Amino acid sequence: MPSAEFMKKNKKNNLTPAGKTALTGILAALTLALSFIERILCAFLPLPPGVRPGLSNVAVMFSCSVLGLPFALGIIIIKAGFVFLVSGAYAGMISLSGGFLSVLSIWLLLKLFSKKMSFLGISVASAVMHNFGQLIAASLIVGSALYMYLLPVLLISAIVFGSVTGILLNAVLPQILRIAPKLDKH
């Protein structure tokens, strides 16, 4: 489903402030759960350093398109806080940097190209920006461009896993749209 079609459908389901808060809480919890599951999976998958599937981006893309930029940034901050608690300050900063660039790219692409781009394309672009943000943060923290050698591997993984994430969002979108209006009725 092109993102413009989704956005048009979504406008009919305007959420109240309470509905937005409830949906943000659900999406933040989903983001943390997916991040945790991904962390466990990566321990068993033979992935290169720094490569993660980015499953939590499904919830982040949805929140950015339904709730808007401030709510999506809030979810990214919550996720980075979780990473900080589980893996330390360095990993938390890397997560925040990648997440921030990722959300900004989602928001800009939805604003500028929603009629031309699907969630698949937005997801790939978001994954590329997430990896780029992480590399920039890692390089600034360490004070060296040493991590840039990972760029080719991270770009390929962003295309592969960004595609998977976009496909997942398109698959779960009908179920989310079925549930979201019910949040407004309570």
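## Helix H4 and its surroundings

In this predicted model, helix H4 comprises 19 residues, for which a rise of 1.5 Å a residue gives an expected span of 27 Å. The C-alpha atoms at the two ends of H4 are 26 Å apart, which agrees with that expectation. Just after H4 comes Gly88, whose phi angle is positive, near 105°.

The buried residues of H4 are Leu69, Ala72, Leu73, Ile75, Ile76, Lys79, Ala80, Phe82 and Val83. The cover over these buried residues of H4 includes H2, H3 and H5. An α-helix has 3.6 residues a turn, so residues three or four places apart point the same way.

## The chain as a whole

The chain holds seven helices and zero strands. Read along the sequence, its pattern is α-α-α-α-α-α-α. Of the 186 residues in the chain, 42% are buried.

Among the contacts in the chain with a separation of 6 or more, 75% join residues 24 or more positions apart. The chain exposes about 9700 Å², and carbon and sulfur atoms supply 75% of that area.

## Helices H2 and H5

Helix H2 has 28 residues. From its first C-alpha to its last, H2 reaches 41 Å, close to the 40 Å expected at 1.5 Å a residue. Its buried residues are Gly19, Leu23, Thr24, Leu27, Ala28, Thr31, Leu34, Ser35, Glu38 and Cys42.

Helix H5 has 25 residues, which should span 36 Å at 1.5 Å a residue. The end C-alpha atoms of H5 are 35 Å apart, in agreement with that value. The buried residues of H5 are Gly92, Ile94, Ser95, Gly98, Gly99, Ser102, Val103, Ser105, Ile106, Leu109 and Leu110.

## The largest nonpolar core

The largest nonpolar core has 27 residues. Those with the most contacts inside this core are Leu23, Leu27, Phe62, Val103, Ile106 and Leu169. The elements that give two or more residues to this core are helix H2 (17–44), helix H3 (57–66), helix H4 (69–87), H5, H6 and helix H7 (151–183). H3 gives the most, with seven residues. In soluble globular proteins, nonpolar side chains tend to be buried together.

Val103, one of the buried residues of H5, illustrates the contacts made by a member of this core. Leaving aside neighbours within four places in sequence, Val103 is in contact with Val60, Cys64, Leu69, Ala72, Leu73 and Ile76. Among these partners, Leu69, Ala72, Leu73 and Ile76 are also buried residues of H4.

## Leu109 and the approach to H6

Leu109 lies in helix H5. Leu109 has a relative accessible area of 14% and therefore counts as buried, the cut-off being under 20%.

Not counting residues within four places in sequence, Leu109 is in contact with Ser114, Met117, Ile122 and Ala125. Leu109 and Gly121 are 12 residues apart in sequence, and their C-alpha atoms are 9.3 Å apart in space.

## Val51 in the loop between H2 and H3

Val51 lies in the loop between H2 and H3. Its relative accessibility is 4%, so Val51 counts as buried.

Apart from residues up to four places away in sequence, Val51 touches Cys42, Val153, Leu154, Ser157 and Phe161. Of these partners, Cys42 is one of the buried residues of H2. Val51 and Val153 are separated by 102 residues in sequence, yet their C-alpha atoms are 8.1 Å apart.

## Ser139 in helix H6

Ser139 lies in helix H6. With a relative accessible area of 11%, Ser139 is buried. Residues up to four places away in sequence not being counted, Ser139 touches Ser144, Ala145, Tyr147 and Met148.

## A nonpolar patch on the surface

Tyr90, Met93, Ile141 and Val142 make a nonpolar surface patch of about 360 Å². The elements that give two or more residues to the patch are helix H5 (89–113) and helix H6 (119–142).

Tyr90 has its place in helix H5. At 37% relative accessibility, Tyr90 counts as partly exposed, because this class lies between the limits of 20% for buried and 50% for exposed residues.

Key
Residues numbered from 1 in each chain as written. Predicted model: local features only at pLDDT ≥ 70, side-chain atom pairs only at ≥ 80, totals over all residues. Heavy atoms only, no water. Patch = residues over 30% accessible without salt bridge, like charges linked within 9 Å, V, L, I, M, F, W, Y side chains within 5 Å. Areas by Shrake-Rupley, 256 points an atom, 1.4 Å probe, with all protein chains shown as cover. Salt bridge = Lys/Arg side-chain N within 4 Å of Asp/Glu carboxyl O. Helix = DSSP H or I, 4+ residues; strand = E, 2+ residues; numbered from the N terminus. Buried < 20%, exposed > 50% of the residue type's maximum accessible area, 1.4 Å probe, protein only. Core = buried A, V, L, I, M, F, W, Y, C linked by side-chain atoms within 4.5 Å. Contact = heavy atoms within 4.5 Å. Expected span 1.5 Å × (residues − 1).
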